[in-house]
Amino acid sequence: LTKTLGEGNVENEVRAAHKHKGICANQGVKSLLEVSYEITEALRAGDMEKAKVMWPGVQACYERVENALNQLEQ
């Protein structure tokens with residue numbers, strides 16, 4: 001998703017966001033699933049500006065989840 005967002009290829013962006021959302025759902029990561037769902041829907045609606053505004057929040061949520069998982073490993 002990081003690579004495709006902003007490329008201008010909406011189809012690829014939607015596909016990447018949808019894949020990200022699915023991975024979050026499969027792993028049971030509710031907080032990340034919610035923001036992934038929101039950005040996926042914004043991209044599907046063609047609202048690239050909304051998606052760009054939402055992206056930092058998705059990244060921040062990902063980092064929180066990643067940090068939590070890393071602490072579990074320790």
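Here are some numbered notes on this structure, which is a predicted model.

1. Overall fold. The protein has 3 helices and 0 strands, and its order along the sequence reads α-α-α. Its radius of gyration is 12 Å, close to the 11 Å that the globule rule gives for 74 residues, so the protein is as compact as a globular protein of that length. Along the principal axes, the C-alpha atoms fill a box of roughly 40 × 20 × 20 Å.

2. Burial, surface and contacts. Of the 74 residues, 32% are buried. The protein exposes about 5,100 Å², and carbon and sulfur atoms supply 50% of that area. If you care about sequence range, take the contacts with a separation of 6 or more: residues 24 or more positions apart account for 41% of them.

3. The nonpolar core. The largest nonpolar core holds 18 residues. Leu-5, Leu-32, Ile-39, Leu-43, Ala-51 and Trp-55 have the most contacts inside this core. H1, H2 and H3 each supply at least two of its residues, and the largest share, 7 residues, comes from H3.

4. The length of H3. Does the end-to-end distance of this helix agree or disagree with its residue count, and why? Helix H3 covers residues 48-73, which is 26 residues. At 1.5 Å a residue these should span 38 Å, and the C-alpha atoms at the two ends are 37 Å apart, so the distance agrees with the expectation.

5. The kink in H3. You may want to look at Met-54, where H3 has a kink of about 35°. The proline Pro-56 follows shortly after this position. Met-54 is also one of the buried residues of H3.

6. The buried side of H3. Which residues of H3 are buried? They are Met-48, Ala-51, Met-54, Trp-55, Val-58, Cys-61 and Val-65. These buried residues pack against helix H1 (10-27) and helix H2 (30-44).

7. Ala-51. Leaving aside residues up to four places away in sequence, Ala-51 touches Leu-5, Ile-39, Ala-42 and Leu-43. Leu-5, Ile-39 and Leu-43 also appear, with Ala-51, among the core residues with the most contacts.

8. Lys-50. This residue is found in helix H3. Is Lys-50 buried or partly exposed? Its relative accessible area is 46%, so Lys-50 counts as partly exposed. The C-alpha atoms of Lys-50 and Ile-39 are separated by 7.9 Å, with the two residues 11 residues apart along the chain.

9. His-20. Here is a histidine worth a look: His-20 lies in helix H1. With 19% relative accessibility, under the 20% cut-off, His-20 counts as buried. Setting aside residues up to four places away in sequence, His-20 touches Leu-1, Leu-32, Ser-36, Val-58 and Tyr-62. Among these partners, Leu-32 is one of the core residues with the most contacts, and Val-58 is one of the buried residues of H3.

10. Thr-4. This threonine sits in the segment before H1. Why does Thr-4 count as buried? Its relative accessibility is 16%, and buried means under 20%, so Thr-4 falls in that class. What does Thr-4 touch, not counting residues up to four places away in sequence? Its contacts are Asn-12, Glu-13 and Ala-16.

How values were computed
Residues are numbered from 1 along each chain as its sequence is written. This is a predicted model: local features need pLDDT of at least 70, side-chain atom pairs count only at pLDDT 80 or more; totals for chains, interfaces and linings use all residues. Side-chain values use heavy atoms; hydrogens and water are left out. Helices (H or I, at least four residues) and strands (E, at least two) are DSSP runs, numbered from the N terminus. The expected span of a helix is 1.5 Å times one less than its number of residues. The bend at a residue is the angle between axes fitted to the seven residues ending there and the seven starting there. Buried means under 20% relative accessible area, exposed over 50%, partly exposed in between (1.4 Å probe, protein chains only). Contact means heavy atoms within 4.5 Å. A nonpolar core is a set of buried Ala, Val, Leu, Ile, Met, Phe, Trp, Tyr and Cys residues joined through side-chain atoms within 4.5 Å. The radius of gyration is taken over C-alpha atoms; the globule rule is 2.2 Å times the number of residues to the power 0.38. Accessible areas come from the Shrake-Rupley method with a 1.4 Å probe; for residues, only the protein chains shown count as cover.
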